[in-house]
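Thank you all for coming. Let me put the model on the screen, and then I will go through a few of its side-chain contacts and one of its sheets.

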Amino acid sequence: MTFNDLLKLNNCYISFESISEPRTAKVKLRIIINKSDNPTNSLIFPHNDSKVETLQIDFKNYATYSVIYDDFTVLDDSEVFRGEAFRVYDKSNYFNFIKNVSSLQIEKLTHYSLACFEHKVDIISDLEPTITIVDEEKIK
């Protein structure tokens, strides 16, 4: 499964579980989320009746990332992105901010985003992440 596969999903709901920096040769940033076709499943998870798929999203490297609680986000119609819950931005205020405060070579970077229930996670990286479906017991 690729991030581009996730961009194509409609009526998909995701909830944020965790973010970490393993700092290994293969993974510098790891994000764990739960995905479901029904928002109630994510709200009651880990109840046995909830039907969710836990995804591990690994970035081999990253320039920056941000996690913000959804209550503090602002929708901006000037931003341009593909996808719904899983997004790639073509134009974003976050990307512009990073460009203005850093010496990064912006043309090589991509702004990935996860529009979760109660969080918005933004990642700027030059490499597409690796997506793995995981058993919840394996990540605890």
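**Salt bridges and a sheet**

Let me begin with Glu21, which counts as partly exposed, at 26% relative accessibility. Please keep in mind throughout that what we are looking at is a predicted model. Glu21 forms a salt bridge with Arg23, and the closest N and O atoms of that pair are 2.7 Å apart. Arg23, for its part, counts as exposed, because its relative accessibility is 62% and the cut-off for that class is over 50%.

That pair belongs to a group, so how many salt bridges does the count come to? The count comes to five salt bridges, and I will take two others in turn.

In one of them, the side chains of Arg30 and Asp58 meet, with 2.7 Å from N to O. Arg30 lies in strand E2, residues 29–36, whereas Asp58 lies in strand E3, so this salt bridge ties together parts that are 28 residues apart in sequence. As to their surroundings, Arg30 is partly exposed, with a relative accessible area of 25%, while Asp58 is buried, with a relative accessible area of 8%.

Staying with strand E3, which covers residues 53–59, we also find Thr54 there. Thr54 is buried, at a relative accessible area of 4%, and its side chain makes a polar contact of 2.8 Å with the side chain of Asn34.

The other salt bridge I want to show joins Asp122 and Lys120, with the closest N and O atoms 2.7 Å apart. Are these two residues buried or exposed? Both Asp122 and Lys120 are buried.

Lys120 also leads us to the sheet, since Lys120, in strand E8, is the bridge partner of Ile68. Five strands form this open sheet, in the order E4-E8-E7-E6-E5, and the pairing is antiparallel. Strand E4, residues 64–69, and strand E5, residues 80–82, stand at the edges with a single partner strand each, and therefore one side of each is left without a neighbour in the sheet. From one strand to the next, the twist averages 25 degrees. Between E4 and E8, where E8 spans residues 119–125, the antiparallel pairing runs over six bridges.

Finally, let me return to Ile68, which is found in strand E4. Ile68 is partly exposed, with a relative accessible area of 31%, and together with Tyr69 and Phe72 this residue makes a nonpolar surface patch of about 300 Å².

Technical notes
Residues numbered from 1 in each chain as written. Predicted model: local features only at pLDDT ≥ 70, side-chain atom pairs only at ≥ 80, totals over all residues. Heavy atoms only, no water. Pairing = 2+ DSSP bridges. Helix = DSSP H or I, 4+ residues; strand = E, 2+ residues; numbered from the N terminus. Axes fitted to C-alpha atoms, helices over the stretch in contact; angles between N-to-C directions. Patch = residues over 30% accessible without salt bridge, like charges linked within 9 Å, V, L, I, M, F, W, Y side chains within 5 Å. Areas by Shrake-Rupley, 256 points an atom, 1.4 Å probe, with all protein chains shown as cover. Salt bridge = Lys/Arg side-chain N within 4 Å of Asp/Glu carboxyl O. Buried < 20%, exposed > 50% of the residue type's maximum accessible area, 1.4 Å probe, protein only. Polar contact = N/O pair within 3.5 Å; in protein donor to acceptor, adjacent residues only side chain to side chain.
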